[in-house]
Amino acid sequence: MSQQANTIIRPTPSNTPRTGQQYSIHFGDYSAVITQLGAILRRFDYQSKEVIVPFGENDTIPCCNGYALVPYPNRVEDGEYSFEGVTYQMPIDEVDRQTAIHGFGYRYMWNLETLTESSVSLSWRSPNLTSYPFDIIVTVLYELNADGLTMSTVAYNNGSIRAPWAFGIHPWLSNGGNGENGIEIEADNAKCRLNLPCNIHVTVNPDRLLPTGEESVANTQYDLRDNPTLAGRSFDDAWTGVQRDEEGNTTAVFTRPDGLQVSLRGDNTIHAWQVCTATGFPEGQHPAGVAVEPMTAYANALRTGKDLVVIEPDACYQTTIHYHAEQLNND
C-alpha cells in the first residue's frame with residue numbers, strides 16, 4: 001500500500017459557530033440575532049427583555065425554536081404524500097409517531113443576500129431531493145423598526161413544474177420567569193395569558209398528533225378568544241377558523257406576568273395557529289415559554305391538500321409576520 005493511501009487529511013479547525021454566521025440587527029428598543037443555519041431567529045429582545053427563548057450559537061436548537069418551517073410546517077403522516085399523480089416519501093423525523101415534521105430548510109446553511117444595521121435577508125434553494133424535487137428558492141427578510149420585527153418570506157418557483165407549498169414559523173415566546181425545570185417552567189407558563197382569535201380547534205389522534213377533524217372552541221378549554229391564563233391548559237394543538245381585522249390580518253397576543261405583551265400578527269395567508277406548552281417534555285427539552293406558531297396550513301397539508309398552496313412556475317408566494325412588544329403597567 002502506498003504512503004499516499006495511508007495519509008489522513010485533517011480538516012482545518014473552524015471557529016465558525018455550529019449554527020453558522022450570526023447576523024445581529026438593532027433598531028431602538030429592539031435587537032435580534034439570525035443564524036445562517038436555517039435563517040433561524042436565535043434571539044429577539046425588547047428593552048433588554050427576551051421576547052423569545054434564546055439559545056447559544058453552538059447549542060442544539062431547543063424544540064425547533066425560531067425555525068422557518070419550509071416547505072411545510074408540522075407533521076406529515078408516514079412522511080408520504082402525493083402531488084399531481086406522483087407519490088413522494090420523505091425521511092421519518094419522529095420515529096415514535098412515524099411522521100416527517102417541519103420541512104427541510106432548518107437543516108441547511110442559507111446564503112446571505114443583504115445586511116444592514118436593522119435588517120438581514122437570507123435565501124435557500126431547495127436541493128433536488130427525491131422526497132421534494134421541486135425547485136423552490138426561499139428568501140426570508142427580517143427587518144426591525146420602531147414597531148417591532150417584520151419577517152417577510154417569499155417562495156419563488158424556479159422550476160418548470162408546479163410545486164406544493166405551506167409555511168409557518170416556530171417561536172417559543174419567553175414566559176419571563178426563572179424556572180429551571182419542567183415543573184417550574186409550567187408554573188411560570190400558567191401565569192401567562194394568551195389571546196388566540198380562532199373559532200375552530202383541530203382534533204388529533206393523541207398517539208400521533210395527526211388531524212382527525214375540527215370542532216368549535218365554544219365551551220371548551222380550547223377557547224382562547226377572551227385572553228385566559230394558561231393555568232390548567234396544556235396544548236400541542238392547532239386552531240383554524242381565524243378571526244381577521246379589516247386588513248385581513250390575524251393576531252395572537254401573549255401577555256406575561258411581568259407585563260411584557262407580545263403581539264404576533266400574520267397576514268391573510270395565515271389560516272391556522274399551533275400552540276405548544278411543552279407539558280411533560282423531557283428535562284432539557286422544555287423551553288421556558290410557549291410556542292405560538294402562525295401557519296399557512298396545519299398538519300398533514302401535503303397529504304390532505306387543506307390550505308395547501310400550489311405555486312406555478314416563475315411565480316411567488318409571500319407571507320408576512322410581524323412581532324410587536326410593549327411593556328404594560330405591571331400591577
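The lining of the second largest pocket in this predicted model splits into five nonpolar, five polar and two charged residues. The pocket itself takes up about 260 Å³. Much of its wall can be read straight off the sequence, as Asn58, Asp59, Thr60, Ile61, Pro62 and Cys63 are among the lining residues. Tyr67 belongs to the lining too, and so do Arg18, Thr19 and Leu37, with Gly284 and Gln285 completing the set.

The largest pocket comes in at about 530 Å³. Of the 20 residues that line it, Cys64, Arg75, Glu94, Arg97 and Ile101 sit closest to the centre. Its lining holds eight nonpolar and eight charged residues, with four polar ones making up the rest.

Two residues named in the lining of the second largest pocket, Thr19 and Leu37, turn up again around Thr35. Thr35 sits in strand 2 and is buried, at a relative accessible area of 0%. Its side chain reaches the backbone oxygen of Leu37 at 2.7 Å. Leaving aside residues up to four places away in sequence, Thr35 touches Thr19, Gln21, Gln22, Tyr23, Ile40, Arg42 and Leu122. Of these neighbours, Gln22 and Tyr23 fall within strand 1, which spans residues 22-27.

Strand 1 and strand 2 run antiparallel and are joined by six bridges. Together they make a hairpin with two residues between the strands. Next to the turn, Phe27 has Tyr30 of strand 2 as its bridge partner. Within the turn, Gly28 takes a positive phi of about 55°.

A second hairpin is built from strand 7 and strand 8, again with two residues between the strands. Here four bridges join the antiparallel pair, strand 8 covering residues 86-89. Phe83 has its bridge partner in strand 8, namely Val86. The turn of this hairpin contains Glu84, whose phi is positive at about 50°.

Positive phi values also show up in loops. What is the phi of Ala39, which is not a glycine? The angle is positive, about 50°. Ala39 lies in the loop that runs between strand 2 (30-35) and strand 3 (41-46). Is Ala39 buried or exposed? With a relative accessible area of 0%, Ala39 counts as buried, because the cut-off for that class is under 20%.

Asp78 is another residue other than glycine with a positive phi, in this case near 60°. The loop that holds Asp78 connects strand 6 to strand 7 (80-83), the latter being one arm of the second hairpin described above. Asp78 has a relative accessible area of 32%, so it is classed as partly exposed, falling between the 20% and 50% limits.

The backbone has one more feature to note, a little earlier in the chain. The peptide bond leading from Val70 into Pro71 is cis, its omega being near 0°. Pro71 is found in the loop between strand 5 (67-69) and strand 6 (75-77). Both flanking strands bring in a residue already met in the pockets: Tyr67, at one end of strand 5, helps line the second largest pocket, whereas Arg75, at one end of strand 6, is among the residues closest to the centre of the largest pocket.

Definitions and conventions:
Residues are numbered from 1 along each chain as its sequence is written. This is a predicted model: local features need pLDDT of at least 70, side-chain atom pairs count only at pLDDT 80 or more; totals for chains, interfaces and linings use all residues. Side-chain values use heavy atoms; hydrogens and water are left out. On a 1 Å grid over the protein atoms alone, a cavity is a set of points where a 1.4 Å probe fits but cannot get out, and a pocket is an open set with protein on both sides within 12 Å along at least five of seven lines; lining residues have an atom within 4 Å of a point. Grid points are joined across faces, edges and corners, and a volume is the space filled by probe spheres set on the points. Ala, Val, Leu, Ile, Met, Phe, Trp, Tyr, Cys and Pro count as nonpolar, Asp, Glu, Lys and Arg as charged, and the others, Gly among them, as polar. Buried means under 20% relative accessible area, exposed over 50%, partly exposed in between (1.4 Å probe, protein chains only). Two strands pair if DSSP finds at least two bridges between them. A polar contact is a pair of N or O atoms within 3.5 Å; within protein, one must be able to donate a hydrogen and the other to accept it, and residues adjacent in sequence count only if both atoms are side-chain atoms. Contact means heavy atoms within 4.5 Å.
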